[in-house]
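This briefing walks through one structure by topic, starting with a single loop residue and moving on to the metal site, the cores and a helix pair. Please keep the sequence and the 3D view at hand while reading.

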Amino acid sequence: MNRIVILNFHGIGVPRRDLEPGEAPYWVSEDFFTRILDLIPEAPLPVAITFDDGNASDLDLAAPRLIDRGLTAEVFALSGRLDRPGSLSAAGLRELEAAGFRIGTHGVDHVDWRRAAPETLAREIDESRARLAEVLGREIDTAAIPFGSYGPHVLRALRRAGLARVFTSDGGLANPEAWLRPRTSLRGDMDVPRVRAILDGTESPLRRLRRSAAMRWKRGLSD
Ligand SMILES: [Zn+2]
């Protein structure tokens with residue numbers, strides 16, 4: 001079966017807003033980001049790139065480097081942060097889309113969907129899609145789950161809402177035809193050999209076993 005590697009980034013460079021607890025490790029320097037992009041042409045598997053949280057650095061720092069290399073990405077924005085300092089503006093989202101980037105939803109307020117009450121989860125999905133659709137003038141049919149935190153009920157809600165593709169943060173390789181696509185989040189404390197191993201799709205058998213067991217459980221396949 002076809003397999004691809006999906007790299008997920010958060011912020012690039014120096015944050016221009018207050019970070020959430022535990023968020024800082026997911027920001028990577030401009031230099032490290034550039035080095036990662038330069039590893040992609042040598043990667044043995046196809047590579048896709050995504051960005052979560054809708055940081056201003058998606059447009060200001062990441063997009064020019066991607067465009068320079070003939071790459072594009074999918075950006076998952078938080079509708080509740082649009083036009084806030086350090087985050088993408090509505091105009092910035094439109095600019096990214098015009099440059100060939102795809103835009104999907106990451107919810108409204110960056111809450112944990114697995115723990116959210118049903119009405120909160122519904123609002124996170126519906127309201128964010130409506131707001132982004134208003135900005136872009138088209139339907140939003142992809143979502144990235146905040147914190148990669150989901151269970152069977154979250155997937156059911158996303159399916160019911162008619163999303164065409166949903167991205168997690170489970171790591172490992174993705175089937176480019178699948179509805180649910182695991183991604184690997186890049187962190188500032190990773191080094192080049194670690195990124196190479198991610199791009200190679202190599203992982204210890206024990207790690208792979210643990211990850212697939214966790215994914216089966218989250219998808220509701222284990223009972
Ligand atoms: Zn996020």
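Where is Ala56 found? In this predicted model, Ala56 sits in the loop that runs between β4 and α2, and at 9% relative accessibility it counts as buried. The loop between β4 and α2 also holds Asp53, which is one of the residues that coordinate the zinc ion, and the points below begin with these two residues before turning to other parts of the chain.

**The loop between β4 and α2**

- Leaving aside neighbours within four places in sequence, Ala56 is in contact with Arg16, Gly86, Ser87 and Leu88.
- Ala56 and Ala157 lie 101 residues apart along the chain, and their C-alpha atoms are separated by 29 Å.
- Asp53, in the loop between β4 and α2, counts as buried at 2% relative accessibility, and its phi is near 90°, a positive value in a residue other than glycine.
- As background to that angle, most residues other than glycine have a negative phi.

**The zinc site**

- Which residues coordinate the zinc ion? The donors are Asp53 through OD, His106 through NE2 and His110 through NE2, at 2.0 to 2.1 Å.
- Along the sequence, the spacing of these donor residues reads D-x52-H-x3-H, and the pair Asp53 and His106 links distant parts of the chain, with Asp53 in the loop between β4 (47-52) and α2, His106 in the loop between β6 (102-105) and α4 (118-136), and their positions 53 residues apart.
- Asp53 and His106 are both buried, and His110, which lies in the loop between β6 and α4, is likewise buried, with a relative accessible area of 9%.
- The phi of His110 is near 60°, again a positive value in a residue other than glycine.

**Nonpolar cores**

- In soluble globular proteins, nonpolar side chains tend to be buried together.
- The largest nonpolar core in this model has 40 residues, and those with the most contacts inside it are Leu7, Phe9, Phe33, Phe51, Leu66 and Leu93.
- Two or more residues of this core come from each of β1 (5-9), α1 (30-39), β4, α2, β5 (74-77), α3, α4 and α6 (192-200).
- Not counting residues up to four places away in sequence, Phe51 touches Asn8, Phe9, His10, Ile12, Phe33, Asp58, Ala62, Leu66, Ala73, Glu74, Val75 and Phe76.
- A second core, separate from the largest one, has 16 residues, and Leu121, Ala143, Tyr150 and Val154 are among them.

**Helices α2 and α3**

- How do the axes of helix α2 and helix α3 cross, and at roughly what angle? The axes of α2 (residues 57-68) and α3 (residues 90-98) come within 10 Å and cross at roughly 25°, and the two helices are therefore roughly parallel to each other.
- The contact brings Asp58, Leu59 and Ala63 of α2 together with Gly92, Glu95 and Leu96 of α3, and the residues of this contact divide into three nonpolar, one polar and two charged.

**Further residues in loops and helix α7**

- Is Thr168, in the loop between β8 (165-167) and β9 (180-181), buried or exposed? Thr168 is buried, with a relative accessible area of 0%, and, not counting residues up to four places away in sequence, it touches Ile145, Tyr150, Leu180, Arg181, Pro182 and Arg183.
- Ser79 is found in the loop between β5 and α3 and counts as buried at 9% relative accessibility.
- With residues up to four places away in sequence not counted, Ser79 touches Gly107, Val108, Glu127, Ser128 and Arg131, while Arg219 is 140 residues from Ser79 in sequence and 26 Å from it in space, C-alpha to C-alpha.
- Leu206, in helix α7 (residues 205-219), is exposed, with a relative accessible area of 57%.
- The C-alpha atoms of Leu206 and Arg81 are separated by 39 Å, and these two residues are 125 residues apart along the chain.

Technical notes
Residues numbered from 1 in each chain as written. Predicted model: local features only at pLDDT ≥ 70, side-chain atom pairs only at ≥ 80, totals over all residues. Heavy atoms only, no water. Axes fitted to C-alpha atoms, helices over the stretch in contact; angles between N-to-C directions. Helix = DSSP H or I, 4+ residues; strand = E, 2+ residues; numbered from the N terminus. Parallel < 35°, antiparallel > 145°, perpendicular 65-115°, else oblique. Contact = heavy atoms within 4.5 Å. Nonpolar A, V, L, I, M, F, W, Y, C, P; charged D, E, K, R; others polar. Donors = N, O, S within 2.8 Å, 3.2 Å for Na, K, Ca; no water. Buried < 20%, exposed > 50% of the residue type's maximum accessible area, 1.4 Å probe, protein only. Core = buried A, V, L, I, M, F, W, Y, C linked by side-chain atoms within 4.5 Å.
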